[in-house]
Amino acid sequence: MTDASRLADQAIAAFNRRDWLPARDLALRTLAQAPTQASGMHYIAGIACLELQQLPQAVQLLQHAVRLHPMRADFAAQLAKALSIARLSREALAVADQAMALEPDDPLTLDTLGVVYNQANAYAQAAIAFRRAAMRMPTAAHYRFNLATALLFHGDLAGAGQELEACIALAPTFWKAHLTLASLRRQDTESNHIERLRRLLGQAGDDQPAQLYLNLALAKEYEDLGDYSVAFAHLTRGKAAGRATRNYSIRRDEVLVEAMERAFPEPVATDTGDPSEESIFVLGMPRSGTTLVERILSSHPQVYSAGELQNFGVELKRLSGSRTPHMLDPDTIARGRHVDWNRLGQNYLASTRPATAARPRFVDKLPHNFLYAGFIARALPRARIICLRRDPMDTCLSNFRQLFAQTSPYYDYSFDLLDTGRYYLLFDRLMAHWRRVLPGRILEVEYEALVADPESGMRRLLEHCGLPWHEGCLRFEQNPAPVATASAVQVREPINRSSIGRWRKYAAQLRPLQALLEEAGIVL
């Protein structure tokens, strides 16, 4: 046996043990000794780098592996995963399509491809991949859950419910499935999951994920039944369990707002950046009506729904040259002031292709783009920007009620009621700053006014975007485009007032929040 063969065997053994550092080093040593004979070593080294969070090297190695083994769908799937993690969504989709064309039958490969499609908002393709994975391994609960989420985002609520029940039947402790199931529809006295949830909670002990998901599921179902005091008690317990695992201080977000104010002290120039009029940014506090506005706009034949894109922040980070670990921080903001604005706009638009090329205009509905409004205005001076405003108490309650993506750094404030109120005050402060330095650039829309007079509000939205009136916008609930936000269920219903004034049902429990906002001068 040659030295290269021995190294390769050792690399494979380390890989199978998930001992990533020696697996990487041994595979790279094998390649150095026998670059033309070391079959599979690019793949092993690439996966090891991916697990070690060495993304550029992982992508390079996996690309080489795919070139050498073009018929290996599992290799292509891992390359697509690496590209997705690197926020290269367009490239990830192309590779995922190549892998699916090879008709893989390995459940893990199919599940990996489903996750890539989900991350790229391609939920129809995700559902196909997840369904094939579940068919090939029907006893794997997480495949059923992944299929359920893709079906939910694609609008098949009945199908999602069936898959969630199948997931729970296979694994009753798959806690996340219980919350998703509770959120699929309004529960009633004849049909709910409260008995099962209470039984499981009584058996869960101090299990943190169980406390988080089961309490929030019970909060949702008790609220549906009108028992608001019990609902809020479960909500508070669930959020406290989530907060216990986070090292969060509101000061972290205060620093960001202060840095933005320093970066844009004066009115922003409008003669820089890419002149494209394609993009429409819908932003604001989460749970303030941004998804509703996105659905209205994307019901227009000239407008494509791109979903909640992270692309602008990613491109700013890259061009800024900041090497800090966070997507947005004072270093990135300070360095971002000196980027090539035209290049930033061009890179952002290119990163949204090919999906956004389908129609003349597209909506980017990432609520937290309100943090980037100054950068957006300079990089895309003809982009339209819309900010949703909603009753402050309803906004804060809705944020506190919601379990957002736990891997995102944006939502750590939402695990504490008063932190949520403090974050709202930061949002309000920054929007006041943008009004001063971006005069006329941002259309601020009151959610309650839009609900009270939909057609008038829709005409105002379309006029701001430079779009002609279209009757289809009135029937936004028939919009077939997928939705991957907390409003995935609500926006498939006609416009209604059911969420307006919800905070009054919890008035006693929300008195500390009300006092916090009133003391800061917020008009309630």
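User: Which residue of S5 stands opposite arginine 389?

Analyst: This is a predicted model, in which local features need pLDDT of at least 70 and side-chain atom pairs count only at pLDDT 80 or more, whereas totals for chains, interfaces and linings use all residues. Residues are numbered from 1 along each chain as its sequence is written, and side-chain values use heavy atoms, with hydrogens and water left out. Strand S4 and strand S5 (residues 442-446) pair in the parallel sense over five bridges, where pairing requires at least two DSSP bridges between two strands. In this pair, the residue opposite arginine 389 is glutamate 446.

User: Which residue of S4 stands opposite glycine 284?

Analyst: Strand S1 covers residues 279-284 and pairs with S4 in the parallel sense over five bridges. Strands are DSSP runs of E with at least two residues, helices are runs of H or I with at least four, and both are numbered from the N terminus. Opposite glycine 284 in S4 stands leucine 388.

User: Why is S4 largely enclosed by the rest of the structure?

Analyst: In S4, Arg384, Ile386 and Leu388 lie on one side, Ile385, Cys387 and Arg389 lie on the other, and all are buried. Buried means under 20% relative accessible area, exposed over 50% and partly exposed in between, with a 1.4 Å probe and protein chains only. In a regular strand the side chains alternate between the two faces of the sheet. Strand S4 (residues 384-389) is largely enclosed because its buried residues number six of the six.

User: Which residue is the bridge partner of serine 279 in S3?

Analyst: S1 and S3 are paired over three bridges in the parallel sense. From S3, Arg361 and Val363 point one way and Phe362 and Asp364 the other way, all of them buried. The partner of serine 279 is phenylalanine 362.

User: Which residue of S3 is the bridge partner of valine 303?

Analyst: S2 and S3 run parallel and are joined by three bridges. Within S3, valine 303 has as its bridge partner arginine 361.

User: By how many degrees are neighbouring strands of the sheet turned against each other on average?

Analyst: The five strands form an open sheet in the order S2-S3-S1-S4-S5, with parallel pairing. Strand S2 (303-305) and S5 each have a single partner strand at the edges, so each has one side without a neighbour in the sheet. With direction ignored, the average turn between neighbouring strands is 25 degrees.

User: What angle does the direction of helix H16 make with that of S1?

Analyst: Helix H16 (residues 290-298) packs on the sheet and touches S1, S2, strand S3 (361-364) and S4. Axes are lines fitted to C-alpha atoms, for helices over the stretch in contact, and angles run from 0 to 180 degrees between N-to-C directions. On this basis, the angle between H16 and S1 is about 160 degrees.

User: What angle does the direction of helix H24 make with that of S5?

Analyst: Helix H24 (residues 454-464) also packs on the sheet, where it touches S4 and S5. Its direction and that of S5 make an angle of about 170 degrees.

User: Which helices do the buried residues of H17 pack against?

Analyst: Helix H17 (residues 311-320) has eight of its 10 residues buried, so it is largely enclosed by the rest of the structure. The buried residues are Asn311, Phe312, Gly313, Val314, Glu315, Leu316, Lys317 and Ser320. With contact meaning heavy atoms within 4.5 Å, these buried residues pack against H18 (330-336), H19 (341-351) and H20 (373-379).

User: What is the C-alpha to C-alpha distance between leucine 147 and glycine 159?

Analyst: Leucine 147 is part of helix H9 (residues 141-154) and counts as buried at 1% relative accessibility. Not counting residues up to four places away in sequence, leucine 147 touches Ala127, Phe130, Arg131 and Glu163. Leucine 147 and glycine 159 are 12 residues apart in sequence, and their C-alpha to C-alpha distance is 9.1 Å.

User: Is aspartate 224 buried or exposed?

Analyst: Aspartate 224 belongs to helix H13 (residues 208-224). Leaving aside neighbours within four places in sequence, aspartate 224 is in contact with Arg185, Arg186 and Gln187. Its relative accessibility is 10%, so aspartate 224 counts as buried.
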